[in-house]
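Q: Hi! I'm new to this one, could you walk me through it?
A: Happy to, let's open it up.

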Amino acid sequence: MSIKKLTCVPVDVQPTWWSKYDDPILQFLADTGAAVPPRVILFNLERREIVSPHRSTIKRRLQRLQKYGLVEKVGEEGYYEISELGKAYVSGELDASELDADE
């Protein structure tokens, strides 16, 4: 499986809560199609030299992406998978600016 880099959305179009780690996380989940824990996401992003955040950063980003409906938590074990909304974002069908909501 190869991980493709997403074309970054211009900063002025991204929601204020967006992080530089969100695109790689969503792309990885879209490419795998699997529910995985944060540690697996981190391992693969580092292994492929895409980004190298701390594991707690991955956890926080997943929680934020879940809040906005881009990922879904699966079970109580801390596994996450990409949602339909997340797939729409990765495929370019959803503009990141549409994700801004009241916090």
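Q: Which residue stands opposite Tyr79 in S2?
A: That's Val74. For Lys73, the bridge partner in S2 is Tyr80. Strands here are DSSP E runs of at least two residues, and helices are H or I runs of at least four, numbered from the N terminus.

Q: How do S1 and S2 pair?
A: Strand S1 (residues 71–74) and S2 pair in the antiparallel sense, over four bridges. Two strands count as paired if DSSP finds at least two bridges between them.

Q: And which residue in the hairpin takes a positive phi?
A: Gly75, with phi near 70 degrees; the hairpin has four residues between the strands.

Q: Which S2 side chains are buried?
A: Tyr80 and Ile82, which point to one face, while Tyr79 and Glu81 point to the other and are not buried. Buried means under 20% relative accessible area, exposed over 50%, and partly exposed in between (1.4 Å probe, protein chains only).

Q: Before we go on, what kind of model is this?
A: It's a predicted model: local features need pLDDT of at least 70, side-chain atom pairs count only at pLDDT 80 or more, and totals for chains, interfaces and linings use all residues. Residues are numbered from 1 along each chain as its sequence is written, and side-chain values use heavy atoms, with hydrogens and water left out.

Q: What pLDDT does the protein average?
A: The average is 82, and 83% of the residues score at least 70. pLDDT is the predictor's confidence in each residue, from 0 to 100. Over residues 1–12, the pLDDT is below 50.

Q: Switching to helix H2, which residues are buried there?
A: In H2 (residues 38–47), they are Pro38, Ile41, Leu42, Asn44 and Leu45.

Q: What covers them?
A: The cover includes helix H1 (22–32), helix H3 (55–67) and strand S2 (79–82).

Q: Which residues of H3 does H2 meet?
A: Arg55, Ile58, Lys59 and Leu62 in H3 meet Pro38, Arg39, Ile41, Leu42 and Leu45 in H2. Contact means heavy atoms within 4.5 Å.

Q: What comes after H2?
A: H2 is followed by Glu49, whose phi is positive, near 55 degrees.
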